[in-house]
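Take a moment with the sequence and the fold. Then follow the text from a space inside the protein out to its strands and helices.

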Amino acid sequence: MKKLQIYIYIILMLVISTGCSNLETDNEQKDKDIQVGLTISAAASLTDALNAIKSKFEAKYPEIKITYNFGSSGTLQQQIIQGAPADLFFSAAEDKFYDLVEKGFITPDSGVDLVGNSLVLITPKENSKEIKMFEDLPSQGETISIGTPETVPAGNYAKEVLVKLGIWNSLEQKIVFAKDVRQVLTYVETGNVDAGIVYHTDALASAKIEIQEIAKEDTHSPIIYPLGILKESKNPNEAKLFFDFMQTEEALSILESYGFVGLLK
């Protein structure tokens, strides 16, 4: 009788042990299935490059899911100030970025000037106007699109070029302002305007436009894209992984393939 009791006890212990082991395995699997979401507020001009980088990053870190919030840097900056959730900010303008640093939204040591860009004058592929350079705009252009200078960095740079060339006053009434640089590109692609001023990277992404001239560097402020981790990120460790990944040769080569200029030495 005693042996039978011992035998039953051993069987029960084995069943309990197996059950606990299976429970631990199930919990481990559930933990693996849970993904951490990162929200990255990024300038619209980075759309194509960042979507290409997303697949590479998520393949390396399958436990992290990337969500992008694309828009003009000024609009994104205001969203962050007003409390919109974001883990990182990738701006097309230093002033929008470093304003957030000054206001305490980004710590100075969690930001980096990552890439640069240039500005170009574009026209529709089927161009009926004699627009070959910026100086042709007053006489040949009836409608010209740029981003709203107050919120769209590309629009601000475009205004700087036109002011520097002394043609802003003659063009101001002809300008169609856009919410971001991608909208400028769309206006030109569809022929709704005679010309537009966009980043070189945006122009390279479209087969429906022609690049007529690249703005000289001394006609506008340097075009620099800073990336930084927001102080209020709910996932600072994962945000740091993305921040570091963006500085790798793999990520920088993707950005450069889309026309950006790497700034890290």
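How much space lies in the largest cavity? About 60 Å³. Keep in mind that this is a predicted model. Rolling a probe the size of a water molecule over the atoms shows where empty space is left. In this structure, one cavity reaches 30 Å³ or more.

Look at the walls next. The lining of the largest cavity is made of 13 residues. Nearest the centre are Ala43, Ala44, Ser72, Val152 and Val181. Sorted by class, the lining has eight nonpolar residues, four polar ones and one charged one.

Now turn to the sheet. Strands of a sheet pair through backbone hydrogen bonds, either parallel or antiparallel. Here six strands form an open sheet with mixed pairing. Their order is β2-β1-β3-β10-β4-β11. Which strands stand at the edges? They are β2 (64–71) and β11 (261–262). Each has a single partner strand, so one side of each is left without a neighbour in the sheet.

Walk across the sheet, pair by pair. Begin with β1, residues 36–43, and β3, residues 88–90. These two strands run parallel and are joined by three bridges. One residue pair to find is isoleucine 40 with its bridge partner in β3, leucine 88.

Step on from β3 to β10. The direction here is antiparallel, and again three bridges make the join. Phenylalanine 90 has leucine 227 of β10 as its bridge partner. Is β10 mostly covered or mostly open? This strand spans residues 224–230 and is mostly covered, with seven of its seven residues buried.

Next comes β4, residues 106–116. Six bridges join β4 to β10, and the two run antiparallel. Aspartate 113 is matched with proline 226 of β10 as its bridge partner. The last step goes from β4 to β11. Two bridges pair these strands, in the antiparallel sense. Glycine 116 has valine 261 of β11 as its bridge partner.

Some side chains deserve a closer look. Serine 45 sits in the loop between β1 and α2 (47–60). Serine 45 has a relative accessible area of 4%, so it counts as buried. Which side chain does serine 45 contact? Its side chain is joined to that of tyrosine 225 by a polar contact of 2.8 Å.

Tyrosine 225 also makes a polar contact with the side chain of asparagine 117, at 3.1 Å. Asparagine 117 lies in another loop, the one between β4 and β5 (119–124). Its relative accessibility is 11%, and asparagine 117 therefore counts as buried. The side chain of asparagine 117 has a polar contact with the side chain of threonine 201 as well, at 2.9 Å.

Now for the helices. Find α8, residues 181–189. Val181, Val184, Leu185 and Val188 are buried in this helix. Why are they on the same side of α8? They cover an arc of only 100° around the axis, and that puts them on the same side. Val181 has appeared before, among the residues nearest the centre of the largest cavity.

Check both ends of α8. At the start, a side-chain oxygen of aspartate 180 comes to within 3.1 Å of the backbone nitrogen of arginine 182. Just after the helix comes glycine 191, with a positive phi of about 75°.

Two other helices show how the chain brings together residues apart in sequence. Glutamate 94 belongs to helix α4, residues 94–102. Is glutamate 94 buried or partly exposed? Its relative accessibility is 27%, so glutamate 94 counts as partly exposed. In sequence, 130 residues separate glutamate 94 from isoleucine 224. In space, the two are 6.3 Å apart, C-alpha to C-alpha.

Glutamine 78 is in helix α3, residues 73–81. With a relative accessible area of 36%, glutamine 78 is partly exposed. Leucine 100 is 22 residues away from glutamine 78 in sequence, and 9.5 Å away in space, C-alpha to C-alpha.

To finish, go back to tyrosine 225. Its side chain has polar contacts with serine 45 and with asparagine 117.

Note on methods. Residues are numbered from 1 along each chain as its sequence is written. This is a predicted model: local features need pLDDT of at least 70, side-chain atom pairs count only at pLDDT 80 or more; totals for chains, interfaces and linings use all residues. Side-chain values use heavy atoms; hydrogens and water are left out. On a 1 Å grid over the protein atoms alone, a cavity is a set of points where a 1.4 Å probe fits but cannot get out, and a pocket is an open set with protein on both sides within 12 Å along at least five of seven lines; lining residues have an atom within 4 Å of a point. Grid points are joined across faces, edges and corners, and a volume is the space filled by probe spheres set on the points. Ala, Val, Leu, Ile, Met, Phe, Trp, Tyr, Cys and Pro count as nonpolar, Asp, Glu, Lys and Arg as charged, and the others, Gly among them, as polar. Two strands pair if DSSP finds at least two bridges between them. Helices (H or I, at least four residues) and strands (E, at least two) are DSSP runs, numbered from the N terminus. Buried means under 20% relative accessible area, exposed over 50%, partly exposed in between (1.4 Å probe, protein chains only). The arc is that of the directions from the helix axis to the C-beta atoms. A polar contact is a pair of N or O atoms within 3.5 Å; within protein, one must be able to donate a hydrogen and the other to accept it, and residues adjacent in sequence count only if both atoms are side-chain atoms.
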